[in-house]
Amino acid sequence: MADREEDEELQMALRMSLQGSPPAQPEPKRSKPPPPVAESPEAEARRKQRELMAAAAEKRLRATALPAAVSVARSSPPPSPPQPAVVEPPPAPEVSKEEKVEPEPEPEPTGVSMEEDKEGEEEEEGEELPPDVAEKLWAMVFGGGVSKAVLAQWTNQGIRFSSDPETTMGLVQHEGGPCGVLATVQAYVLKYLLFFSDDLSNPEISSPLYTLGQRRFYQSSFSAGDDFSSLTDDRKTRALVHAMVEILFLCGTGKRAVVASIACINRGKTDAVLEGLSVESAMDLQKVLRTSTFTSRKDAFDILLANIPLFQSRLGAMLFLISALLSRGLEYIQEDRDDPSQPLVTAPFGHASQEIVNLLLCGEAVPNVFDGKMDLGGGMSLKGIPNNVEVGFLTLLESLNLCKVGQYLKCPKWPIWVVGSESHYTVLFALNPNVQEENELEERESRIRRAFDAQDQSGGGGFISVEGFQQVLRDTDINFPSDKLEDLCNAGIIVWSEFWQALLQLDKRAGGMKDPTGLMGKKQFTIFHFNGIAKSVLNGNAGAGGSVPIQRPRLCKLNVTVPPRWTQDEYLADVVNASTSGSKDDSILSLAPPVQTSQHAPLVDCIRTRWPRAVCSWAGDVPSIV
């Protein structure tokens, strides 16, 4: 009888140890065991053993969820091991009948703990985009009938640096469409790598006041270095984040930046989450897109730095474009554009439009590259670049007389330019801001050109009315002889090329560009061109079993000489006169540029839109802008 009481007390202790409720909560009711008088000793032993085995099984099931209860259970005397000869495995229905309990909380899943789940919810930052806004955003970027090929370009391009030591400062492009985004971000990255390399740990260096002070320092001090292979990953990453912060706040008029991200992205697990993620419609985008708005540059810097793996992922370029559009505001984007009915990603090849490039350069999605607005009359106007920019823009289309780039983009605050061709964007940059400094006559030419462009209502055609011409003469203090003035005005319009030829023949004391002293001089400097495209291309000469080469990003160093500002005829005449005079004085010949091997490529035509008559040379492969 005493043994039976001890077994019952042991059984009761084990049952109490398995209760996860606080002490004040009553123990769940259990069915009473059958009266002992009705059982044989063998049946009683089997019943007790079944109860002990059921309690042990319940204990193991709840051990993970109730560690405190397990600790208490271990403090109780352990039960005696069962005897195989006596104990028989109880049938499941019988155990359920005798161990019937009240419902208790379900045990936690073994895969994810509550703490991990809570951490995941905290990392899922940002707000969902309303469905109607997502539809508007998608239509604005891609239009209504975007092809899968174009979507593949924009959903498979990250913002990543080259692994090649020679081009390690450059962003690699694998797809054709997003080059406008990558090249513009690249231009800002170079600004920070070249001219702010010692201050990359300061999250406030993208502010306008800090930038102004740094520019004055470099213009009066020294140029940046070109040892790109020594750049560390940390410096490159911070330069990239600074570039992104500056662009987003520029789009947000300096007041805010909106950062787009993907839901359920845990740091360090970006690739795993994005694997298999498809974004082929506005609905797909709305489901996964999250946005966060920042008014502090430091806060924006910190979140972008923490989430940089997401922007390096295959959705990086598209997410940054969305961030810029939302920072500006979709309503303002449509107001900036001349034709808001067209998508920003152009069909059929999915290239970034000039509006995207201009948005990242000046903060407004204007479609043109001239300065300010062009009044067309009748209350209509075309929108151009509104003010000075940090990094500029040059285009091959200007050399083909298809557009006119204004001084805001040609003369940026830093010597860095995005270069546009018919189908691609690359980057041109110098290490010394002094390449943009002008002497007295260069400044005068720029002033005259700005005055002429202000009266040009032809959309960059390069001609103005007689009334506009008279205004230019007044604004620039130019005094033509009456006969020359009459010749220029006879046709009823004044063309820039004819006006410029007349200025070259007019003495600078009368407001012209002719310098009787011959001291106009020349410029010589070095400039670099970076093309980030790194596509796999077929080798047409490869035979059976031949390898398919991969085109690496390319960096080309060019030597540029800008000759004196006289016409070619004047230059040749001066050389002939000096050589036939027999003079021992070499001062006249020394004014001419030294004999130099001139090389030509479409990039040279782009450079000449910024530095007319520039002569360029380089070593190695021809620099490519496609």
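Mentor: Before we start, a contact here means heavy atoms within 4.5 Å. And keep in mind that this is a predicted model.

Trainee: Okay, so what makes H10 and H13 partners, in terms of which residues meet?

Mentor: On the H10 side you've got Thr237, Arg238, Val241, His242, Met244, Val245, Glu246, Leu248 and Phe249, and they meet Arg297, Ala300, Phe301, Leu304 and Leu305 of H13. H10 covers residues 233-251 and H13 covers residues 297-306.

Trainee: How would you describe the packing of two helices in general?

Mentor: You give the angle between their axes and the distance between the axes. For H10 and H13, the angle is about 130° and the axes are 9 Å apart.

Trainee: Why are H10 and H13 called oblique to each other?

Mentor: Roughly perpendicular stops at 115 degrees and roughly antiparallel needs over 145. The angle of about 130° falls into neither class, so H10 and H13 count as oblique.

Trainee: And which hand does the crossing have, left or right?

Mentor: The crossing of H10 and H13 is right-handed.

Trainee: How do you know which parts of the model to treat with care, going by pLDDT under 50?

Mentor: pLDDT is the predictor's confidence on a scale from 0 to 100. It stays under 50 over residues 64-87, where the model has 15 contacts beyond four places in sequence. Residues 537-544 also stay under 50, with seven such contacts.

Trainee: What about the protein overall, what is its average pLDDT?

Mentor: The average is 78, and 67% of the residues score at least 70.

Notes: Residues numbered from 1 in each chain as written. Predicted model: local features only at pLDDT ≥ 70, side-chain atom pairs only at ≥ 80, totals over all residues. Heavy atoms only, no water. Axes fitted to C-alpha atoms, helices over the stretch in contact; angles between N-to-C directions. Helix = DSSP H or I, 4+ residues; strand = E, 2+ residues; numbered from the N terminus. Parallel < 35°, antiparallel > 145°, perpendicular 65-115°, else oblique. Left-handed = near helix turned anticlockwise from the far one by under 90°.
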